[in-house]
Amino acid sequence: TFKVCPRDAYYNFRDDDDEFYLASEDLSANLTLQDDLGCNGVGAAIITPTLTYDHDINCFIGEYIPLIAGSYNLEILFQTDVDPTTQQVAGSPFTVTVEPNDAYGPYSVVEGIATPTQTIEAGSCLNFSILARDAFQNKVNNSGRGEYSVYTYQVDYLYNSVEFEGNFSVH
């Protein structure tokens, strides 16, 4: 979220008695992805934040939910009643950095294992890597966060893609 508080030409807060006038200020915002920083997430690259006027603080509250991790430009625009063209508010555009979320197993990928059922000799080492992704498919490995656990187990017999353990017989 972010807050936009209207000010006059002298940078005084516009908290005059006419709240309807303040609430009717023509503000808009755009959040545009500039660089996904190699995270390769899935989602909209341009987001239009919602702007809601808060009468208690005489400011607009902006909200948005970016799904792609990366670097964004947040433009906040103002339009006067007389001039139909829009102008940036002071300081706009702003830079917003969105980090990947925590790793999400269903979208993470194991690389370096040729098939789901790979056979190696006892005493051999099998090397692989985990490409961790969050729920929006952003690469998490770049952020340096996360701890991953790998579990292995022995399958005594594989028949028609069904795993069997222990003593059994197939007819």
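The legends below describe close-up views of a predicted model.

**View 1. The disulfide between Cys 5 and Cys 59 in the predicted model.**
The sulfur atoms of Cys 5 and Cys 59 are 1.9 Å apart, and the two residues are joined as a disulfide, the count for this model coming to one disulfide. The bond ties together distant parts of the chain, since Cys 5 sits in the loop between strand S1 (2-4) and helix H1 (19-23), whereas Cys 59 belongs to strand S5, 54 residues apart from Cys 5. The torsion about the S-S bond is about 105°, and the disulfide is therefore right-handed. A disulfide is a covalent bond between the sulfur atoms of two cysteines.

**View 2. Accessibility of Cys 5, Cys 59 and Cys 39.**
Cys 5 has a relative accessibility of 21% and is therefore classed as partly exposed, the boundary for buried residues being under 20%. Its disulfide partner, Cys 59, has a relative accessibility of 4% and so counts as buried. Cys 39, with a relative accessible area of 5%, is also buried.

**View 3. The loop residue Asn 58 and its contact with Tyr 53.**
Asn 58 is placed in the loop that runs between strand S4 (50-54) and strand S5 (59-63). Although Asn 58 is a loop residue, its relative accessibility is 16%, and it therefore counts as buried. The side chain of Asn 58 makes a polar contact of 3.3 Å with the side chain of Tyr 53.

**View 4. Strand S2 with its partners S6 and S3.**
Strand S2 (residues 26-35) pairs with strand S6 (residues 70-79) in the antiparallel sense, and nine bridges are found between them. Within this pairing, Leu 33 has Tyr 72 of S6 as its bridge partner. Strand S2 is also joined to strand S3 (residues 46-47), again in an antiparallel arrangement, by two bridges, and here the bridge partner of Thr 32 is Ile 46 of S3. In a regular strand the side chains alternate between the two faces of the sheet.

**View 5. A nonpolar surface patch that includes Val 110.**
Val 110, Ile 113, Ile 120, Leu 126 and Phe 128 together make a nonpolar patch of about 370 Å² on the surface. Among these residues, Val 110 lies in strand S9 (residues 109-111). Its relative accessible area is 46%, so Val 110 is partly exposed, and this value satisfies the requirement of over 30% relative accessible area for residues that form a patch.

Methods: Residues are numbered from 1 along each chain as its sequence is written. This is a predicted model: local features need pLDDT of at least 70, side-chain atom pairs count only at pLDDT 80 or more; totals for chains, interfaces and linings use all residues. Side-chain values use heavy atoms; hydrogens and water are left out. Patches are made of residues with over 30% relative accessible area and no salt bridge: like charges are joined within 9 Å, nonpolar side chains (Val, Leu, Ile, Met, Phe, Trp, Tyr) within 5 Å. Accessible areas come from the Shrake-Rupley method with a 1.4 Å probe; for residues, only the protein chains shown count as cover. A salt bridge is a side-chain nitrogen of Lys or Arg within 4 Å of a carboxyl oxygen of Asp or Glu. Helices (H or I, at least four residues) and strands (E, at least two) are DSSP runs, numbered from the N terminus. Buried means under 20% relative accessible area, exposed over 50%, partly exposed in between (1.4 Å probe, protein chains only). A polar contact is a pair of N or O atoms within 3.5 Å; within protein, one must be able to donate a hydrogen and the other to accept it, and residues adjacent in sequence count only if both atoms are side-chain atoms. A disulfide is a pair of cysteine sulfur atoms within 2.5 Å. Two strands pair if DSSP finds at least two bridges between them.
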